[in-house]
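Student: I'd like to learn how to read charged side chains in a model. Could you walk me through it?
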Amino acid sequence: MEFVGKKYKMISSENFDEFMKAIGVGLITRKAANAVTPTVELRQDGDTFVLVTSSTFKTTEMKFKPGEEFDEERADGAKVKSVCTFDGSSLKHVQTGSDGVIVTLIREFGPEEMKATMTAKDVTCTRVYKVQ
């Protein structure tokens with residue numbers, strides 16, 4: 001997995017505000033989240049992976065073992081059950097909220113960029129990140 005350890009900085013974002021509305025994020029948090037350009041890094045420690053998303057607004061760290069369900073607190077504070085799996089250079093991340101809303105995030109890692117596609121209800125958001 002040649003993408004492990006690389007840092008990716010967001011360069012474009014489409015439909016993020018609508019996506020956040022679909023998962024119930026409030027106006028103030030949405031405004032702050034829309035104003036930042038986060039950096040994403042995937043690290044590996046044995047059979048555990050750590051996905052770090054950092055920005056001036058907030059830094060989140062998600063630890064997981066592929067295929068195992070874990071408790072996660074999203075950047076907006078919502079508590080969800082998550083499962084992450086790899087398919088080649090793609091990381092599929094499925095979050096299930098206590099409200100029943102399912103969020104699917106697919107991060108496709110390439111040599112120069114990472115594309116994140118996030119879907120909730122009938123709303124899809126696409127964010128593109130460039131290797132730093």
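Student: Is Arg-30 buried or exposed?

Tutor: In this predicted model, Arg-30 has a relative accessibility of 11%, which means that Arg-30 counts as buried, since the cut-off is under 20%.

Student: Which residue does Arg-30 form a salt bridge with?

Tutor: Start with the general idea: side chains of opposite charge can pair when their charged atoms come close. Here Arg-30 pairs with Asp-17, with the closest N and O atoms 2.9 Å apart. That pair links distant parts of the chain, as Arg-30 is in helix H2 (residues 27-34) and Asp-17 in helix H1, 13 residues apart. Asp-17 is partly exposed, at a relative accessible area of 25%.

Student: What else does Asp-17 form a salt bridge with?

Tutor: Lys-21, where the closest N and O atoms are 3.9 Å apart. Both residues lie in helix H1 (residues 16-22), 4 residues apart, or about one turn of the helix. Lys-21 is partly exposed at 40%. Asp-17, Glu-18, Lys-21 and Arg-30 are in fact linked in a network of salt bridges.

Student: And how many salt bridges are there?

Tutor: The count comes to 8. Another example joins Glu-73 and Lys-79 at 3.0 Å, N to O; Glu-73 is partly exposed at 45%, whereas Lys-79 is exposed at 59%.

Student: Which side chain of opposite charge is nearest to Arg-107?

Tutor: Glu-72, but it is 6.4 Å away, and the buried Arg-107 has no salt bridge. The cut-off is 4 Å, so that distance does not qualify. Arg-107, in strand E8 (residues 102-109), does make a side-chain polar contact with the side chain of His-93 at 3.3 Å.

Conventions: Residues are numbered from 1 along each chain as its sequence is written. This is a predicted model: local features need pLDDT of at least 70, side-chain atom pairs count only at pLDDT 80 or more; totals for chains, interfaces and linings use all residues. Side-chain values use heavy atoms; hydrogens and water are left out. Helices (H or I, at least four residues) and strands (E, at least two) are DSSP runs, numbered from the N terminus. Buried means under 20% relative accessible area, exposed over 50%, partly exposed in between (1.4 Å probe, protein chains only). Lys and Arg count as positive and Asp and Glu as negative; His and the chain ends are not counted. A polar contact is a pair of N or O atoms within 3.5 Å; within protein, one must be able to donate a hydrogen and the other to accept it, and residues adjacent in sequence count only if both atoms are side-chain atoms.
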